[in-house]
Amino acid sequence: MLKKFVSSFLALLLLVGCGAGQSAGTDPAKDAEKIVSELGIGDKMEAVQERVVRGLFFFDEGLIEKCSVYIANDKTADVVGVFDTSDPKAAREKIDAYLASAKEQMQNYYPDEVFKIDNAVVEEKGNRIVLIVTSDIESAKKLAQSVLG
Amino acid sequence: MKRNILVGCAFLLALCGCKGDTSAKKSETDETVYEEVTYACRAVDYYNYAQPVPASDPIEDSYFDDVLFAGDSRMGAMYLWGTIPNAQVEYVTSLNLWLIDSMPLDNHSDGRTMYDELSETEKGNIYLLFGINEIRNSEEYFEGWANEQYQSLITMLREKNPNVNIYILSTYHPREISGLPEPQLSEHLTWVNSRLASLADRNYIYFLDLDNGMTDEEGLIREEYVGDGLHFGPTGTHALEDYIKTHVVRRSTYVKEVCE
C-alpha cells in the first residue's frame, strides 16, 4: 500500500515537472503582449483571433496548443507570435512558409518592409516558438530569448 | 437561402391569394356539390448558379448607384481609373482575406477596414475580388480560406441583407506574379477559382469568370490591360467595367412564377 502511494506520488511530481520544462510555462498571451509592449509597437499591433492564426499560418488541427499573435494594422510586415505546439518542427515549417509568402507580398507592394522579414526572429525552446518581425531586430532577439527563459 | 426565401414568400402569397377557381360537379343524387380547387403559385429561380454569369445587354448606368466594388489592389484600379462615378469602390492593397478586419482601406485615412465597410453597407449589389495575395499557398490552405473565411463573409452579408446580390469575381490569370512561376501559377489559380465557383454555387450567388472574356489566346489577362502583369491600367479598367456592365443577372429573366 505504502509502495503504491509512494510510486503514485512520484509519478504525480514527474507530471507536474514535465509541463513546466517544455517552455517557460507562462501564458503565450502575456508573453506576446509583453513583447509588443516592450518593442513600443503597441499602437499599430492588433491581436488576431485563433481561427485567423490558423488560417494565416495554415496550422494543422492540433498542431498549436496555445498561441497569441499580433499583426500590424498599418500594412507593415510587423508580426509578434508566441506558439505552444505539439510538434515544433512542423510548426516551424509553417511559420517559415508564412514568412516566405509574406516576403513575396512585401516585395511587390512594400519593398521597404522586406528587410524585417529577412531578419525575422524565430526562436524556439521546448514546445514553444516565438516569432517576431519588426524593425528593431536586436531588441526582438533579446525579448524572444527573455520570454523563452 | 435567398432563393428559398423567395420561393417561400411566393408560396405563402399564393396560398393566401390564389385560391381562385372553384368547379362544380353533379353528384349521383343530382345535388350540386362544390369542390374547391386550390392553385398554388411559387417563384422558381431558373438561374444556374453552378455556371459563370452569362453575357447580357449592358445594364443602365443607374444600376451602379446601388453597387459596391470591394477587393484587393486589383480592385483599386476601379478607384484609380474607373469611369463609373456613382459606384462605390473600396480596396486594400496586399489584402489577405484573413486580415479583412484589421488591414485599413487604402482610400480612407480613418483606419476603417474592408470588414467595417462591408458590414455597414446598404448597397444591394456587391462585387468581391479577393485571392491573389494568398495565391502562393497550398491547395489545403484554400480549403480553409474559401470554406471558412470567405464563407463567413458571405454569411455575414446575407444575414445583414437577405436580398443582397453578391458577385464573386474570379482570380483572373495574371501574366506573371513574383515567386510563382508556371505551371504552379496555373495550378494555384485552379485551386482558388474552383473553390470560388463552388462557393458561389453553394450560396446561390453569382460568379464572374474574368478569364472568359478578358484573356488572350494563351489564357492570360490581355497584355494591354495590365501594366505590370497583374494590375489593370486605364485600358484594362475600362475593359473590366464593360465586362461587368454586360454580365449582370436580371432576376426577372430567371425567376418565374409557376402556378399549379
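I started with residues 5-23 of chain A, where pLDDT (the predictor's confidence in each residue, from 0 to 100) stays under 50. For that stretch the model has 11 contacts beyond four places in sequence; two residues are in contact if their C-beta atoms, placed from the backbone, lie within 7 Å.

Note to self: this is a predicted model, where local features need pLDDT of at least 70, side-chain atom pairs count only at pLDDT 80 or more, and totals for chains, interfaces and linings use all residues. Residues are numbered from 1 along each chain as its sequence is written, with chains lettered from A and ligands numbered from 1 in the order in which they are written.

Next I checked chain A as a whole: its pLDDT averages 86, and 83% of the residues score at least 70. Among its elements, helix α1 (residues 2-22) has the lowest mean, 42, and strand β5 (residues 128-133) the highest, 98. Helices (H or I, at least four residues) and strands (E, at least two) are DSSP runs, numbered from the N terminus. Where pLDDT is low, the predicted coordinates should not be read in detail.

Then I looked at a helix pair in chain A. Helix α2 (residues 28-39) and helix α6 (residues 137-148) pack at about 155°, axes 10 Å apart. Axes are lines fitted to C-alpha atoms, for helices over the stretch in contact, and angles run from 0 to 180 degrees between N-to-C directions. α2(A) and α6(A) are therefore roughly antiparallel (angles over 145 degrees). From α2(A), A:D31, A:K34, A:I35, A:E38 and A:L39 make the contact, meeting A:S139, A:A140, A:L143 and A:V147 of α6(A).

Last, I noted that the chain contact takes 20 residues from chain B and 16 from chain A.

Terms used: Angles under 35 degrees count as roughly parallel, over 145 as roughly antiparallel, 65 to 115 as roughly perpendicular and the rest as oblique.
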